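Me: I'd like a close look at a single part of this one, namely the empty space shut up inside the protein. Take your time and walk me outward from there.

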Amino acid sequence: MDEILVKGGRPLHGEVSVSGAKNAALPMIAATILTGGRFVLRNVPDLKDIETICQLLAGLGASAEFEDNTAIIDTTDLFQHEAPYDLVRKMRASVLVLGPLLARMGRARVSLPGGCAIGARPINMHLEGLEKLGASIKLEHGYVEASAKRLKGGEIFFDIPTVTGTENIMMAATLAKGTTVIRNAAKEPEIIALAEMLNRMGADIRDAGSTVITIHGVENLSPVEARIIGDRIEAGTYMVAAALTKGKIRLTGADPAHLKPVIHKLRECGAAVKTVDAGITVQGSDVIRSVDIKTLPYPGFPTDMQAQFMVLMSVANGLSVISESIFENRFIHVSELRRMGADITISGNHAMVKGVSRLSGAPVMATDLRASASLVLAGLVADNTTRISRIYHLDRGYDSMEKKFAALGAIIKRVPAS
Ligand code: EPU
């Protein structure tokens, strides 16, 4: 297992190219299950999670080739309808195959994802939604067994906007008989990207990106070529790195419109953020002002950027309150940041972060994807060397992170675990 070594203290300068969004690529790859044929997806990030979903598709009978950020997927001959435990436990987003499998094959057997480091993360709303579309759902031996001859349109009201829940229902409803309305739908850019791909396949989805999505079921879909949008969370992570190291970074490949809450908070902290068609430039200021943050569903501040902002606040001037309202256990990075000298107190879902003048390098352990990214960021401004272990979490969601940081001037390398 590899580790990352970071020696802090260098302001980062230069240009970074943002990869395709993991959380857009995963549902778009799942959507290829909906119909037989050859799909070409471009700008797919080179990540463990993409490898996992391609393995899942291969297990269903599809072929999936991946080269130079292009995935060529052929779903002509699907003979299986099961997402096995061994793959789902590696990646909860495997549940995204449930809706498409059910719509195409009339049945699906998908291992129930357990809780994960950041929270219990149930999938009850996915299942209730599919039941509203006429599916019969049984939970047996740790698996969801879903069946329906043909799904029918229905009205779904989510208690909380769920991102993958909205995607699962949207995909299932494309081939249902009649009209489906999803109320209190999630509005993330990844949902719009998926709806655009589905519509190009022949689906009739209206108003994706708003709280009410309407899907008129169609009889057939056809394969398409599609391009994955830029990863707003990867972009946000590099933007924080610029502010944190008091450097200047230009990002290409990300859409500033997807990053409004992050840009707003960075400006409040004192960073200069400029957006032009070709990219986003972030220049850190000498003094980082502390700001309060509350995570919310899109277009609110993303929970996937909370850990990275906490590092920025750890070295800011003053006290910041960070409130996590999406996941119940998403402060696992705090104990590791404290070991690096951060002054953070937790009370319920609030973290009180008192800025300190310096962090100190230490051996730390990655616990989930975004927490891992926050430890790399902390290492960039810590004295001496930070050794981050268990970085397989990072490899799930950041394409070539250490190479991208090294190209910006960071002293960082990947080494085999000692
Ligand atoms: N929830 C339920 N029941 C459900 C579904 C969700 O109670 O049936 C709760 C969750 O436990 C959570 C809230 O609803 O408290 C919102 O969760 P959501 O379903 O939106 O999360 P998700 O779809 O499982 C996606 C991203 C996550 C991101 C969240 C929130 C993908 C593949 N994953 O997860 O990304 O944090 O939305 O924005 O799109 C990451 O990339 O690091 C990551 C964790």
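How do the residues lining the largest cavity divide into nonpolar, polar and charged?

Reply: Bear in mind that this is a predicted model. The lining of the largest cavity splits into seven nonpolar residues, three polar ones and no charged ones. Counting cavities of 30 Å³ or more gives one, and the largest cavity holds about 40 Å³ of space. Its walls come from Ala243, Leu266, Cys269, Gly270, Ala271, Gly284, Ser285, Val287, Ile288 and Leu312.

Let's go round those walls, starting with helix α9. This helix covers residues 260–268, and its buried residues are Pro261, Val262, Ile263, Lys265 and Leu266. Of these, Leu266 also belongs to the cavity lining. The cover over the buried residues of α9 includes α8, β16 (272–276), β18 (293–294) and α10 (306–314). Two of those covering helices reach the cavity as well: Ala243 lies in α8 (232–245), and Leu312 lies in α10.

Just past the end of α9 sits Gly270, with a positive phi of about 110°. Gly270 lines the cavity too, as do Cys269 and Ala271.

Now for Ser285, another lining residue. You'll find Ser285 in the loop that runs between β17 (279–283) and β18. Setting aside neighbours within four places in sequence, Ser285 touches Lys246, Cys269, Gly270 and Ala271. The Ser285 side chain has two polar contacts worth zooming in on. One is with the backbone oxygen of Gly270, at 3.4 Å. The other puts a polar atom of that side chain 2.6 Å from the backbone oxygen of Val287. Gly270 and Val287 are both on the lining list, and that makes Ser285 a handy place to centre your view. For a bit of scale, Ser285 and Arg267 are 18 residues apart in sequence, with their C-alpha atoms 9.8 Å apart.

From Ser285 you can step across to the second largest pocket. Lys246, a contact of Ser285, is one of the residues nearest the centre of that pocket, along with Leu244, Val315, Ser357 and Val381. The pocket has a volume of about 260 Å³ and 19 lining residues. Helix α8 supplies at least two of these, and so does strand β24 (382–383). By class, the pocket lining has ten nonpolar, five polar and four charged residues, whereas the cavity lining has no charged ones.

One more hop, this time along α10. The helix that brings Leu312 to the cavity also includes Gln306, Ala307 and Met310, which are contacts of His333. His333 is in helix α11 (residues 333–339), and beyond its sequence neighbours it also touches Ala371 and Ser374. Why does His333 count as buried? Because its relative accessibility is 3%, and the cut-off for buried is under 20%.

While you have the model open, have a look at the ligand. It has 21 residues around it, and those coming nearest are Met125, Thr162, Thr164, Asp304 and Ile326. A ligand oxygen is 2.7 Å from a polar backbone atom of Met125. With Thr164, a side-chain N or O atom is 2.6 Å from a ligand oxygen. Arg370 likewise has a side-chain N or O atom 2.8 Å from an oxygen of the ligand.

Technical notes
Residues are numbered from 1 along each chain as its sequence is written. This is a predicted model: local features need pLDDT of at least 70, side-chain atom pairs count only at pLDDT 80 or more; totals for chains, interfaces and linings use all residues. Side-chain values use heavy atoms; hydrogens and water are left out. On a 1 Å grid over the protein atoms alone, a cavity is a set of points where a 1.4 Å probe fits but cannot get out, and a pocket is an open set with protein on both sides within 12 Å along at least five of seven lines; lining residues have an atom within 4 Å of a point. Grid points are joined across faces, edges and corners, and a volume is the space filled by probe spheres set on the points. Helices (H or I, at least four residues) and strands (E, at least two) are DSSP runs, numbered from the N terminus. Ala, Val, Leu, Ile, Met, Phe, Trp, Tyr, Cys and Pro count as nonpolar, Asp, Glu, Lys and Arg as charged, and the others, Gly among them, as polar. Buried means under 20% relative accessible area, exposed over 50%, partly exposed in between (1.4 Å probe, protein chains only). Contact means heavy atoms within 4.5 Å. A residue is near a molecule or strand if one of its heavy atoms lies within 4 Å of it. A polar contact is a pair of N or O atoms within 3.5 Å; within protein, one must be able to donate a hydrogen and the other to accept it, and residues adjacent in sequence count only if both atoms are side-chain atoms.
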